[in-house]
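Student: Hey, I have a protein model open and I'm not sure where to begin. Can we go through it together?
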Amino acid sequence: MAGTLPEQVVSFPSSGEGAVTRATYEHPWPVRFCHWLNSVSLLILAASGLRIFLAFPSFGPKVPQKNFFRPPASLTLGGWLGGALQWHVTFAWIYVATGLFYLGYQLWSGHFRQVLFRPRDLSGVWPMTRHYFFFGRKPPLREPYNAQQKLAYTSAIALGALSVLTGMVLYNPVQFSFLGTLLGGFHLARVWHFAVLCGLLLFLAGHLVMVVLHGWNNFMSMLTGWKKNPEYLP
């Protein structure tokens with residue numbers, strides 16, 4: 001696909017004789033809005049979800065109950081089951097609405113071409129993994145997002161969709177019984193929902209590693225939209 005580079009590029013003088021800074025409008029406002037709102041929503045959903053999980057911290061039958069995992073109360077939100085459900089359901093709606101808005105914008109604007117992982121990106125995953133986690137040489141960057149980032153963001157969207165589908169089963173198992181059947185029943189839907197949470201938290205940890213390695217300009221671009229001196233500009 002063509003058109004993977006941002007369209008808006010500006011140049012302006014910077015400190016130093018003859019020095020020029022180039023900047024590109026890498027993150028449009030809908031992307032930044034969804035990024036920050038969904039980040040907050042995800043953290044609140046995780047904390048309130050763990051409090052809900054504390055009401056029955058097992059994936060097996062209740063009799064006899066063998067607890068799978070008891071998260072520390074300090075990592076949870078809501079205080080009790082009813083309070084946690086209120087937080088969880090409220091921000092689940094925000095999470096879903098933001099996700100739909102994000103996907104709609106990506107399709108309407110064509111911005112998805114920059115972040116969608118495709119078969120041709122497969123060969124670039126290991127070189128970037130080696131650079132991020134094993135101090136390997138950094139491959140040349142020709143697009144705003146490298147192969148590892150595309151794989152991470154595309155996977156996060158898939159995990160987000162699965163979190164909503166499994167959450168629908170847990171929220172109303174009778175109305176969404178057909179989904180529950182596809183997922184293997186209510187108990188397995190709980191397993192999938194918990195596994196998706198773990199996957200999203202792993203994505204968040206990896207995302208923070210990427211932010212640190214890519215530097216301050218990369219972080220600021222998600223606040224202002226503009227990225228200074230991106231290496232992929234010709």
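Student: I clicked on Leu-54. Leaving aside its neighbours within four places in sequence, which residues is Leu-54 in contact with?
Tutor: Good place to start, and keep in mind that this is a predicted model. Once the neighbours within four places in sequence are set aside, Leu-54 is in contact with Arg-70, Pro-71 and Thr-76.
Student: How far is Leu-54 from Pro-71, going by the C-alpha atoms?
Tutor: Their C-alpha atoms are separated by 7.3 Å, and the two residues are 17 apart along the chain.
Student: And where does Leu-54 sit? Is it buried or exposed?
Tutor: Leu-54 lies in helix 1, which covers residues 29-54. It has a relative accessible area of 14%, so it counts as buried, the cut-off being under 20%.
Student: OK, zooming out. How many helices and strands does the chain have?
Tutor: There are 8 helices and 3 strands. Following the sequence, the pattern reads β-β-α-α-α-α-α-α-α-α-β.
Student: What are the dimensions of the C-alpha trace?
Tutor: Along its principal axes, the trace spans about 75 × 35 × 30 Å.
Student: How much of the chain is buried?
Tutor: The chain has 234 residues, and 38% of them count as buried. As for the surface, the chain exposes about 13800 Å², with carbon and sulfur atoms supplying 70% of that area.
Student: What about contacts between residues at least 6 apart in sequence, what share joins residues at least 24 apart?
Tutor: That share is 65%.
Student: Let's look at strand 2. What is Arg-22 like there?
Tutor: Arg-22 lies in strand 2, residues 20-25, and it counts as partly exposed at 31% relative accessibility. Its C-alpha atom is separated by 8.4 Å from that of Lys-227, although the two are 205 residues apart along the chain.
Student: Ala-23 is in strand 2 too, right next in the list. Is Ala-23 buried or exposed?
Tutor: Ala-23 is indeed found in strand 2, and at 4% relative accessibility it counts as buried. Between the C-alpha atoms of Ala-23 and Pro-127 there are 26 Å, with 104 residues separating them along the chain.
Student: Switching topic: how many aromatic pairs does the structure hold?
Tutor: It holds 18 aromatic pairs. One of them is made by Tyr-132 and Phe-133, with ring centres 6.2 Å apart and planes at 65°.
Student: Why is that pair called edge-to-face?
Tutor: Because the planes are at 65°, and an angle over 60 degrees counts as edge-to-face. As for how covered the two residues are, Tyr-132 is buried at 6% relative accessibility, whereas Phe-133 is partly exposed at 42%.
Student: Nice. What do Tyr-153 and Phe-203 form?
Tutor: They form an edge-to-face aromatic pair, 6.0 Å centre to centre with 75° between the planes. Tyr-153 lies in helix 5 (residues 147-171) and Phe-203 in helix 7 (residues 186-214), so the pair ties together parts that are 50 residues apart in sequence.
Student: And how covered are those two, Tyr-153 and Phe-203?
Tutor: Tyr-153 has 18% relative accessibility and counts as buried. Phe-203 has 22%, so it counts as partly exposed, because buried means under 20%.
Student: Which residues do ring pairs link into a cluster?
Tutor: The cluster is made of Phe-53, Phe-59, Phe-68, Phe-69 and Phe-194.
Student: Now cysteines. How many disulfides are found in the whole structure?
Tutor: The search finds 0 disulfides. Looking at individual cysteines, Cys-34 is buried at 3% relative accessibility, while Cys-198 is partly exposed, with a relative accessible area of 33%.
Student: Last one: how many positive and negative charges does the chain have?
Tutor: It has 17 positive and 6 negative charges, and the mean positions of the two sets are 17 Å apart.
Student: Thanks, now I know where to look!

Notes:
Residues are numbered from 1 along each chain as its sequence is written. This is a predicted model: local features need pLDDT of at least 70, side-chain atom pairs count only at pLDDT 80 or more; totals for chains, interfaces and linings use all residues. Side-chain values use heavy atoms; hydrogens and water are left out. Helices (H or I, at least four residues) and strands (E, at least two) are DSSP runs, numbered from the N terminus. Buried means under 20% relative accessible area, exposed over 50%, partly exposed in between (1.4 Å probe, protein chains only). Contact means heavy atoms within 4.5 Å. Accessible areas come from the Shrake-Rupley method with a 1.4 Å probe; for residues, only the protein chains shown count as cover. Lys and Arg count as positive and Asp and Glu as negative; His and the chain ends are not counted. The place of a charge is taken as NZ of Lys, CZ of Arg, CG of Asp or CD of Glu. A disulfide is a pair of cysteine sulfur atoms within 2.5 Å. Rings of Phe, Tyr and Trp (its six-membered ring) pair if their centres lie within 6.5 Å; planes under 30 degrees apart count as stacked, over 60 as edge-to-face and the rest as tilted.
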